[in-house]
Amino acid sequence: MKLRYSLGSPFARKAAMAVHALGLLDRIEMIDHDTDKTNVVRHINPLHKIPMLIADDGTAIFDSPVILECLDEIAGGGKIFPARGLDRYKTLSRLALADGIAEAAILIHYEDRWREEHQRAPKWIAHQQGKIERALAVFESDVPRSFDAAAIGLFCALTFLGQRKDWNWRESAPKTAAWYDDVKRNEACVIATEPRQK
Ligand SMILES: N[C@@H](CCC(=O)N[C@@H](CS)C(=O)NCC(=O)O)C(=O)O
């Protein structure tokens with residue numbers, strides 16, 4: 001299998017982190033993919049978003065939560081998601097919450113990237129910021145206790161938030177910030193997927 005990814009994308013780094021955490025580096029070929037520069041895989045994923053996992057028969061597997069589930073199964077199952085039951089769906093929902101932070105942050109980022117200043121909508125930006133703040137409050141009241149799929153998602157979402165100087169999420173979420181710093185220093189899969197400075 002091949003993983004098309006880029007460490008600059010919070011969703012794609014999540015998949016790369018899972019490959020490392022699950023010890024699958026010898027089974028998954030990692031391909032750095034820039035969606036702005038190449039569209040070689042658009043025929044198998046019309047959305048052309050990364051990450052994208054490509055099975056040996058050419059099947060495209062996406063999006064990132066699906067990829068994480070697939071990687072977990074390849075590794076034997078029950079590693080970054082509980083194998084079954086309510087706990088599994090709790091982890092999947094927390095992963096969706098973490099991804100929701102990244103999605104809202106990306107929508108705000110795209111306002112800057114794709115629209116001229118006079119076209120940007122402060123009301124829409126505030127709407128997305130509200131989602132980020134409410135989701136962060138949930139994690140602040142229940143900080144991850146293991147480095148599961150939801151924690152991987154949260155780490156990547158917070159890294160993306162931290163790239164913008166105007167978003168100081170740490171002040172409102174000090175316990176989450178302490179968790180983040182600890183994981184950044186100590187988790188091998190986080191260290192191995194640290195984006196290189198350009
Ligand atoms: N829901 C998707 C989101 C993936 C996504 O938005 N990827 C961005 C990079 S951060 C992308 O590939 N954008 C290129 C585009 O939309 O053309 C997932 O979880 O995989």
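Q: In this predicted model, how many residues of domain 1 are in contact with domain 2, and how many residues does domain 2 bring to that contact?
A: Nine residues of domain 1 are in contact with 13 residues of domain 2. What counts as contact here is a pair of C-beta atoms, placed from the backbone, that lie within 7 Å. On the side of domain 1 that touches domain 2, α1 and α2 are the elements that give two or more residues. The largest share of that side, seven residues, comes from α1. By class, the side of domain 1 that touches domain 2 has seven nonpolar, no polar and two charged residues.

Q: Where do the two domains run along the chain, and how far apart are their C-alpha centres?
A: The domain assignment gives 2–74 as domain 1 and 85–187 as domain 2. Their C-alpha centres lie 21 Å apart.

Q: Why is α1 called roughly parallel to α2?
A: Let's look at the angle. Helix α1 covers residues 10–21 and helix α2 covers residues 64–74, and they pack at about 5° with their axes 9 Å apart. The cut-off for roughly parallel is an angle under 35 degrees, so α1 counts as roughly parallel to α2. Their contact is made by F11, K14, A15, A18 and V19 of α1 together with S64, I67, L68 and L71 of α2. Sorted by class, those residues are seven nonpolar, one polar and one charged.

Q: What makes α1 oblique to α5?
A: The axes of α1 and helix α5 (residues 149–162) come within 9 Å and cross at roughly 140°. To count as roughly antiparallel, an angle has to be over 145. The angle of roughly 140° doesn't fit the 65 to 115 range for roughly perpendicular either, so oblique is the word for α1 and α5. The crossing of α1 past α5 is right-handed. On the α1 side you'll find P10, R13, K14, M17 and A18, and they meet I152, G153, C156, A157, T159 and F160 in α5. That contact has seven nonpolar, two polar and two charged residues.

Q: How do you know that α3 and α4 are roughly antiparallel to each other?
A: Helix α3 spans residues 85–114, helix α4 spans residues 122–141, and their axes cross at roughly 155° after coming within 9 Å. Roughly antiparallel needs an angle over 145, and that's why α3 and α4 get the label. Their crossing is left-handed. From α3, the residues L97, G100, I101, A104, A105, L107, I108 and E111 meet I125, Q128, K131, I132, A135, L136 and V138 in α4. By class, that's 11 nonpolar, two polar and two charged residues.

Q: Which residues are around the ligand, and how do they split by class?
A: The list is S9, F11, T35, H48, K49, I50, P51, F62, D63, S64, D99 and I106. A residue is on it if its C-beta atom, placed from the backbone, lies within 6 Å of the ligand. The shell has five nonpolar, four polar and three charged residues.

Q: What makes the backbone at H48 worth pointing out?
A: Most residues other than glycine have a negative phi. H48 isn't a glycine, yet its phi is positive, about 45°. H48 sits in the loop between β2 and β3, and H48 is one of the residues around the ligand.

Q: Which peptide bonds are cis, and where are they?
A: Most peptide bonds are trans. A cis bond joins I50 and P51, with omega about 10°. P51 lies in the loop between β2 (29–32) and β3 (52–54). Another cis bond joins F62 and D63, with omega about 0°. D63 lies in the loop between β4 (60–61) and α2. And look back at the ligand: I50, P51, F62 and D63 are among the residues around it.

Methods: Residues numbered from 1 in each chain as written. Predicted model: local features only at pLDDT ≥ 70, side-chain atom pairs only at ≥ 80, totals over all residues. Nonpolar A, V, L, I, M, F, W, Y, C, P; charged D, E, K, R; others polar. Axes fitted to C-alpha atoms, helices over the stretch in contact; angles between N-to-C directions. Helix = DSSP H or I, 4+ residues; strand = E, 2+ residues; numbered from the N terminus. Left-handed = near helix turned anticlockwise from the far one by under 90°. Contact = placed C-beta atoms within 7 Å. Domains from an automatic or database assignment.
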